[in-house]
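Ever wondered how to find your way around a protein when you open one on screen? Let's take a short walk through this one together.

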Amino acid sequence: MLSTEPIIALATPSGTGAIAVIRISGKGVIAVVAHFFRSVRGKRLSQQKSHTVHLGHIVDGARIVDEVLVSLFKGPHSYTGEDVVEISCHGSPYIQQQIIQLFLRNGCRSADAGEFTLRAFLNGKLDLSQAEAVADLIASDNEASHQIAMQQMRGGFSDEIKRLREELLNFASLIELELDFSEEDVVFADREQFKSLLTKIQNVLKRLIDSFSVGNVIKNGIPVAIVGEPNVGKSTLLNALLNEDRALVSEIAGTTRDTIEDEISIGGIGFRFIDTAGIRDTEDVVEGMGIRRTFEKIEKAQVVVYLIDATGFKENGASLKIEIEKIRNKYPQTHLVVVANKMDALSSEETNHLREQLPNALLLAAKKGTGVEDLQEKLLEFVNTGALRNNETIVTNARHYDALLKAVEEVEKVQSGLAEGVSGDLLAIDIRQALYHFGEITGEISSDDLLGNIFANFCIGK
Ligand SMILES: Nc1nc2c(c(=O)[nH]1)N(C=O)[C@@H](CNc1ccc(C(=O)N[C@@H](CCC(=O)O)C(=O)O)cc1)CN2
Ligand SMILES: Nc1nc2c(ncn2[C@@H]2O[C@H](COP(=O)(O)OP(=O)(O)OP(=O)(O)O)[C@@H](O)[C@H]2O)c(=O)[nH]1
Ligand SMILES: [Mg+2]
């Protein structure tokens with residue numbers, strides 16, 4: 001799979017910018033670029049040091065294509081581990097394409113998605129979980145997902161896995177050594193010490209596995225469905241949360257037909273709010289479709305904000321309370337927040353009545369924006385940010401989660417094998433299996449298929 005042929009791609013977004021960066025990596029690329037580069041100081045590119053920048057022109061025969069800065073990185077001391085040349089040109093799509101095409105005609109080919117980072121992985125500059133974090137880092141759009149991706153890219157998670165792996169490996173070696181001396185019946189690996197090591201490893205694995213429930217939602221934005229009867233102010237609340245006129249609002253019941261979603265960051269954590277069609281019995285076919293979609297969204301949400309119209313509470317409070325209980329029972333895994341809206345239009349007597357009837361409800365006036373901060377605080381309470389604050393490793397990747405589950409299963413097998421006093425050769429098999437799953441995370445164990453899948457999801461030029 002390791003190839004060193006020169007690859008080229010635009011590293012900056014396509015379109016017009018002040019400056020664009022074109023990246024070229026592979027064997028002999030410095031000589032290739034040198035052929036089309038005239039330094040303003042008459043310097044020869046091939047004689048320059050690594051990590052230096054040079055001003056000059058890209059020339060195609062007599063034609064000057066652009067004035068550029070060229071950066072040199074000599075392998076193995078580069079991002080990919082190969083020779084790398086970056087050309088910073090003026091950011092017109094025409095110039096970008098002229099330069100890229102010049103090199104495509106002269107020995108380079110277009111890089112596949114993620115191919116620079118794939119080469120970095122294959123050349124040992126990054127392990128697999130670090131390479132995956134590069135994509136997460138580019139995708140991160142809030143403080144929490146950024147922090148997690150950055151920690152993973154810098155090797156925090158890998159180091160933790162490697163430590164576990166080494167400790168297990170030590171023991172595996174000792175047990176396998178016993179096997180070699182099986183005639184003599186010697187014991188190198190102290191069983192009590194081994195048991196406590198396994199317990200320690202189990203605890204670390206369990207913490208990592210548990211962190212996925214937080215990590216997974218943080219990476220994708222925590223889905224919060226705003227639901228309730230028509231006209232209670234769901235779209236008004238969405239707009240207040242987003243601080244933007246995102247959804248149509250009107251006094252006509254049944255305004256929102258389809259779901260509307262948008263993401264914002266609260267306290268550094270991404271929340272994806274979903275405004276839904278108001279729930280009621282309807283003859284209208286299209287409205288009925290929208291309401292069905294509302295229930296689909298509730299099913300996928302981590303949090304359901306059930307909104308009621310406080311002004312109607314006196315008349316239909318009893319039936320609303322039944323409705324709320326129904327939702328609570330139907331979706332026991334989902335956090336349910338009951339919010340009474342339009343409190344601005346309530347008398348103090350009505351307010352007291354509502355407080356008595358729904359002691360846990362948040363009181364809010366979405367139109368004026370009052371109480372929206374309380375709701376935000378409430379939402380943050382649902383996210384266990386302890387691990388984030390303590391800078392602990394948080395698993396965000398389903399592939400890693402899978403491997404950790406399999407690893408802990410094997411460690412448990414070893415643990416019970418020890419308790420039952422099974423023989424060293426059987427213990428060794430399960431230990432090796434656990435080690436295999438650790439290796440899957442960091443990429444010591446990988447297949448071309450897996451790598452193809454992972455890097456195909458990167459952007460071109462990364
Ligand atoms: N212009 C540019 N900006 C960029 C990148 C890049 O490739 N080019 N990066 C790409 O994602 C990130 C920076 N990451 C990088 C990581 C390693 C090396 C590098 O040259 N490493 C060598 C030498 C280190 C040294 O001694 O200075 C090495 O690891 O051996 C470069 C960039 C973000 N910004
Ligand atoms: N007095 C008062 N009126 C509000 C408040 N919030 C929303 N409204 C009004 O309630 C009406 C319905 O608001 P929407 O946001 O469209 O309600 P909805 O729940 O999205 O309604 P559907 O999309 O039809 O289900 C509009 O006339 C809003 O101006 C509030 O806090 N106070
Ligand atoms: Mg609406």
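We'll go from a sheet to the two ligands, and then to a few single residues. Keep in mind that this is a predicted model.

Start with the sheet, an open one made of six strands. Reading across, the order is S9-S10-S8-S11-S12-S13, and the pairing is mixed. At the edges sit strand S9 (260–266) and strand S13 (362–363), each of which pairs on one side only. What holds such strands side by side? Strands of a sheet pair through backbone hydrogen bonds, and they can do so in a parallel or an antiparallel way. Here, strand S11 (residues 303–309) and strand S12 (residues 335–341) run parallel to each other, paired over seven bridges. If you'd like a spot to look at in that pair, go to Asp309, which stands opposite Asn341 in S12.

Now for the ligands. Around ligand 1 you'll find Val21, His51, Phe73, His77, Ser78, Tyr79, Glu86 and Lys125. Sort that shell by class and you get three nonpolar, three polar and two charged residues.

Ligand 2 has 23 residues around it, and the closest are Gly233, Ser235, Thr256, Gly278 and Lys367. By class, its shell holds eight nonpolar, 10 polar and five charged residues. Which helix gives the largest share of the shell around ligand 2? That's helix H8 (residues 234–242), with three residues.

Stay with H8 and look at the loop between H8 and S9, where you'll spot Ser250. Thr255 has its place in that H8 to S9 loop, too. UniProt, in an unreviewed entry, lists both under "binding site", along with Asn231 and Ile252. These four are spread over 25 residues of sequence, yet they cluster in space, with a largest C-alpha distance of 7.8 Å.

Is Ser250 buried or exposed? Ser250 is exposed, because just 10 other C-beta atoms lie within 10 Å. Thr255 has 16 other C-beta atoms within 10 Å, so it counts as partly exposed. Leaving out residues up to four places away in sequence, Thr255 touches Ser235, Leu248, Val249 and Ser250.

For a last stop, find Asp112 in the loop between strand S7 (109–110) and helix H3 (115–122). Asp112 is partly exposed because 15 other C-beta atoms lie within 10 Å. From Asp112 to Ala225 there are 113 residues in sequence and 38 Å in space, C-alpha to C-alpha.

Note on methods:
Residues numbered from 1 in each chain as written. Chains lettered and ligands numbered in written order. Predicted model: local features only at pLDDT ≥ 70, side-chain atom pairs only at ≥ 80, totals over all residues. Near = placed C-beta within 6 Å. Nonpolar A, V, L, I, M, F, W, Y, C, P; charged D, E, K, R; others polar. Pairing = 2+ DSSP bridges. Helix = DSSP H or I, 4+ residues; strand = E, 2+ residues; numbered from the N terminus. Buried ≥ 20, exposed ≤ 12 C-beta atoms within 10 Å, placed from the backbone. UniProt positions renumbered as here; feature names shortened; annotations may be inferred. Contact = placed C-beta atoms within 7 Å.
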